[in-house]
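Biologist: Please take a close look at one part of this model for me. I would like to hear about the charged pairs, and then about the spaces around them.

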Amino acid sequence: MHPLVPYPTLPILAILLSSLVLVTSCSTPQDSTIANTKLSDSQSVLASNIEFDAELGESPWPKEGATTLAITESIQQTIKSRYANDLPALRHVHSKAHGCVLADFQVNQTLQDEHQHGIFQSGASYKAWIRFSNGDSDATREDKEGDGRGMAIKLMGVPGEKLLPDESHTQDFVMINHPVFFINDPQKYLSLIESLSSSNLLARLSAPLSLGIEGSIIAAKINGKKIRSPLYARYWSMVPYQLGAGSSRRAMKFSAKPCRQLDNTPQSDQLEDPNYLRTAMKNHLDTDAACFDFLIQTRDTRTAAGTALSVEMATNEWEESAAPFFKVATITIPKQDFDKPEQHKFCENLSYTPWHSVIEHRPLGGVNRIRKVVYTSTANLRRSINAVKPVEPTGNER
């Protein structure tokens, strides 16, 4: 998007500004502190009504509720300032979409009993709207620049009670082309965005200290990714979710992997096109379908809590040797002409959040708990600025 202040020139600070799936702020007003946080009653209720599943390993971070509200306030202030005279208001990050495509999500005809929960019922089939994007907040940034790439899936016609009231028949899966996130503690993230927004140069230069060595390395890897096509990349949930309900529930992560392994190295002639990732998708889907395997990995949280498989440590990858992936569904993106203004506008008005979910797939961990407040508040604000009403998709929009 259009930052309130120039991006820092140091490479590591530029890396930190790609907030990716957490949707946090790259510039926040100086008085945006916990003490000065003033949000609506509904946002405060969202933050205060968060539940923790201790049996699955969830536990609150220190001052998590207040920190979540402070992060949300800073993002809202950034969006309001950024789009005071520049409409339409776009997403805070993942602003640049490469395409929004209609797809089919087909659950395997046969599944192991331990995987048959929620939407994963043998033979179940759903229509889906899938949005591919760059992670950066600048919608004009050229695709040749390294960046995290997103894949957001919205299934439609999903039965069952939902965790958020605004959509009653959908299930969202939000992913990035990297298996882990770069920070765990909400207070550290708030410190990061406050440092980056400071008028003091030394404070801005100290921002990487908020991440530490591990987080800085992860951020560098995410921000260095270059791909040939969004249809050739593998995507991960990065953070955990619930699989099942009641005493049989477990923790899971998920991933979308191309059905065929394809060379995803950008070609030199592509890089002349600043929007070459959209062009690559268009060229592919003009003549052929695309396909992804949808995979899940599960683990018994009751025995793994506190280990490298912790649901609260978003920086920890669940190694496949300990928690192997299993294919549970196939995503087919048929040949289609998606590159149309009306379809792009429709997709930009959609709201993707992990909390558009059935109970059996409840988001887990601190990053997801922050998302519940941030995603809802920013989607509502964006629609308010753009004077559009939320519409729950059915798959019959084309």
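Modeller: Glutamate 64 is buried, because its relative accessible area is 6%, under the 20% cut-off. This is a predicted model. The side chain of glutamate 64 meets that of arginine 369 in a salt bridge, 2.6 Å from N to O. Side chains of opposite charge can pair when their charged atoms come close. The two residues sit 305 residues apart in the chain: glutamate 64 belongs to helix α3 (residues 64-82), and arginine 369 to helix α10. Arginine 369 has 2% relative accessibility, so arginine 369 counts as buried too.

Arginine 369 also forms a salt bridge with glutamate 312. There the closest N and O atoms are 2.9 Å apart. This pair again links distant parts of the chain, 57 residues apart. Glutamate 312 lies in the loop between α8 (301-304) and β9 (325-333). Its relative accessibility is 7%, so glutamate 312 is buried. Now widen the view. A network of salt bridges links Glu58, Glu64, Glu312, Arg362 and Arg369. The count for the model comes to 21 salt bridges.

Another of these pairs is lysine 96 with aspartate 143. Their side chains meet at 2.9 Å, N to O. Lysine 96 is in the loop between α3 and β1, while aspartate 143 is in the loop between β2 and β3. The two are 47 residues apart. Both are buried.

Next comes glutamate 167. You will find glutamate 167 in the loop between β3 and β4. At 4% relative accessibility, glutamate 167 is buried. Its side chain makes a polar contact of 3.0 Å with the side chain of lysine 154. A polar contact of 2.6 Å joins the side chain of glutamate 167 to that of threonine 170. Now set aside neighbours within four places in sequence. Glutamate 167 is then in contact with Lys154, Lys162, Ser351, His356, Glu392 and Pro393.

Now for the spaces, starting with the largest pocket. The volume of the largest pocket is about 550 Å³. The pocket is lined by 34 residues, and those closest to its centre are Ser351, Tyr352, Thr353, Tyr375 and Ala379. Ser351 is also one of the contacts of glutamate 167. Four elements give two or more residues to this lining: β2 (125-134), β3 (149-156), β4 (170-176) and α10 (366-386). Helix α10 gives the largest share, 7 residues. Recall that arginine 369 is in helix α10. By type, the pocket lining divides into 19 nonpolar, 10 polar and 5 charged residues.

Cavities come last. The whole structure holds 4 cavities of 30 Å³ or more. The largest cavity has a volume of about 40 Å³. Its lining consists of Ala97, Gly99, Cys100, Arg278, Phe338, Gln343, His344, Cys347 and Glu348. Two elements, β1 (97-107) and α9 (341-348), give two or more residues to that lining. The largest share comes from α9, with 4 residues. The cavity lining divides into 4 nonpolar, 3 polar and 2 charged residues.

How values were computed: Residues are numbered from 1 along each chain as its sequence is written. This is a predicted model: local features need pLDDT of at least 70, side-chain atom pairs count only at pLDDT 80 or more; totals for chains, interfaces and linings use all residues. Side-chain values use heavy atoms; hydrogens and water are left out. On a 1 Å grid over the protein atoms alone, a cavity is a set of points where a 1.4 Å probe fits but cannot get out, and a pocket is an open set with protein on both sides within 12 Å along at least five of seven lines; lining residues have an atom within 4 Å of a point. Grid points are joined across faces, edges and corners, and a volume is the space filled by probe spheres set on the points. Ala, Val, Leu, Ile, Met, Phe, Trp, Tyr, Cys and Pro count as nonpolar, Asp, Glu, Lys and Arg as charged, and the others, Gly among them, as polar. Buried means under 20% relative accessible area, exposed over 50%, partly exposed in between (1.4 Å probe, protein chains only). A polar contact is a pair of N or O atoms within 3.5 Å; within protein, one must be able to donate a hydrogen and the other to accept it, and residues adjacent in sequence count only if both atoms are side-chain atoms. Contact means heavy atoms within 4.5 Å. A salt bridge is a side-chain nitrogen of Lys or Arg within 4 Å of a carboxyl oxygen of Asp or Glu.
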